[in-house]
Amino acid sequence: MTLIDLASDPSAAVRKAVATRTDAPAQALRPLTRDHDRHVREAVARNPSTSVANLLLLVKDADRWVRWAVAGNPACNESIRRVMAEAPDKELRGLLAETRELEPELAARLVDDVSPEVRERLATHTHDPGVITALMADRTVRVRKGLARNPRTTTAQRSALAQDPVVDVRAALVLAVELDEADLRRLVDDRSVQVRMAMATSEVVPPHIRQLLGRDPDEMVAGAARDFRPGSRNAPVVRAPRIGHRASGTGRGRPGSARR
């Protein structure tokens, strides 16, 4: 039997197997985009051989996992990303915000997204200097916290974030990126124990600064600084988004939920 024949097999398992085949012809994949089994449609949405026309249908699918799978497909192009930018599904827009080569026009649109989570994800992952500059003025704490974790910020932007009035922003900053000496010296005496503890346990804080923290008035901070060993904890680095992967055995949650 051919793959075209197997695409109409009564078994969903067989149809899903066809949907995953990168050598499946368009005549086999096309009907599977309308399959009543969502797992089959999700497999088509992941298949890099699926046509852009069919991905444009699947990105509007009623099932969220099917829509999210389209975002991770290598064939996802600008026309699909434009649909994602206008989608009511904030998770889909969030996945778009994590796209490395995001078109400037779409990135600019996401800067003003109604969802703080979408803007936070854009702030964390964007490579666009103009977008970073625009988001520096965002009043939402989680957005600035996202910027604090972004290694593409400038020295001046990091200095501004080091003086952010919100503790969580300063703590995220010292855990994620290298800072100038002046900023480090100022943060050593930060009024927040949380910030100083973050510095004491950060993989990116230089040894001479950690040595100063070893004399911190808070014994827990001082002890953490003295006992620190490189590689002894997982540094909160920015990783590539895990797009459209369902938590094993649950069928719930959202893509990238393990990131945070």
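Start by selecting helix α10 (residues 116-125) and helix α12 (residues 141-148): they pack with their axes 7 Å apart, at an angle of about 15 degrees. That angle makes α10 roughly parallel to α12, a label for angles under 35 degrees, while over 145 is roughly antiparallel, 65 to 115 roughly perpendicular and the rest oblique. Axes here are lines fitted to C-alpha atoms, for helices over the stretch in contact, and angles run from 0 to 180 degrees between N-to-C directions. Helices (H or I, at least four residues) and strands (E, at least two) are DSSP runs, numbered from the N terminus.

Before you go on, know that this is a predicted model, where local features need pLDDT of at least 70, side-chain atom pairs count only at pLDDT 80 or more, and totals for chains, interfaces and linings use all residues. Residues are numbered from 1 along each chain as its sequence is written, and side-chain values use heavy atoms, with hydrogens and water left out.

**Stay with α10 and α12**

Turn on side chains. From α10, pick Pro116, Glu117, Arg119, Glu120, Ala123 and Thr124; they meet Arg142, Val143, Gly146 and Leu147 of α12. Contact means heavy atoms within 4.5 Å. Color that patch by class and you get 4 nonpolar, 2 polar and 4 charged residues. For the coloring, Ala, Val, Leu, Ile, Met, Phe, Trp, Tyr, Cys and Pro count as nonpolar, Asp, Glu, Lys and Arg as charged, and the others, Gly among them, as polar. The crossing of α10 past α12 is right-handed, meaning the near helix is turned clockwise from the far one by less than a right angle (anticlockwise would be left-handed).

Now click Gly146, which sits in α12. Is Gly146 buried or exposed? At 0% relative accessibility, Gly146 counts as buried; the cut-offs are under 20% relative accessible area for buried, over 50% for exposed, and partly exposed in between (1.4 Å probe, protein chains only). Leaving out residues up to four places away in sequence, Gly146 touches Glu120, Ala123 and Thr124. Draw a C-alpha to C-alpha line from Gly146 to Arg121 as well: 6.7 Å in space, with their positions 25 residues apart in sequence.

**Next, select α8**

Move to helix α8 (residues 90-97). Here 7 of the 8 residues are buried, so α8 is largely enclosed by the rest of the structure. Highlight Glu91, Leu92, Arg93, Gly94, Leu95, Leu96 and Ala97 to see the buried ones. What covers them? The cover includes α6 (64-71), α7 (78-85), α9 (104-111) and α10.

Take α10 as the partner. The axes of α8 and α10 come within 8 Å and cross at roughly 15 degrees, which makes α8 roughly parallel to α10. Their crossing is right-handed. On the α8 side, select Lys90, Glu91, Arg93, Gly94, Leu95 and Ala97; on the α10 side, Glu117, Val118, Arg121, Leu122 and His125. The residues of this contact divide into 4 nonpolar, 2 polar and 5 charged.

Swap α10 for α7. α7 and α8 pack at about 135 degrees, with their axes 8 Å apart, and that angle makes α7 oblique to α8. α7 passes α8 in a left-handed crossing. Look for Arg81, Met84 and Ala85 of α7 against Leu92, Arg93 and Leu96 of α8. By class, that contact has 4 nonpolar, no polar and 2 charged residues.

**Into the core**

Show the largest nonpolar core, which has 67 residues. A nonpolar core is a set of buried Ala, Val, Leu, Ile, Met, Phe, Trp, Tyr and Cys residues joined through side-chain atoms within 4.5 Å. Met84, Leu122, Leu135, Met199 and Leu213 touch the most other members. Click Leu135: beyond residues up to four places away in sequence, Leu135 touches Val111, Arg119, Leu122, Ala123, Val143 and Leu147.

**Last stops**

Find Ala222 in helix α18 (residues 219-227). Ala222 is buried, at 1% relative accessible area, and touches Leu213, Gly214 and Asp216, not counting residues up to four places away in sequence.

For a contrast, go to Leu212 in helix α17 (residues 207-213). At 25% relative accessibility, Leu212 counts as partly exposed. Its touches, again not counting residues up to four places away in sequence, are Arg185 and Val188.

Finally, zoom out. The protein chain has 18 helices and 0 strands, and 48% of its 260 residues count as buried.
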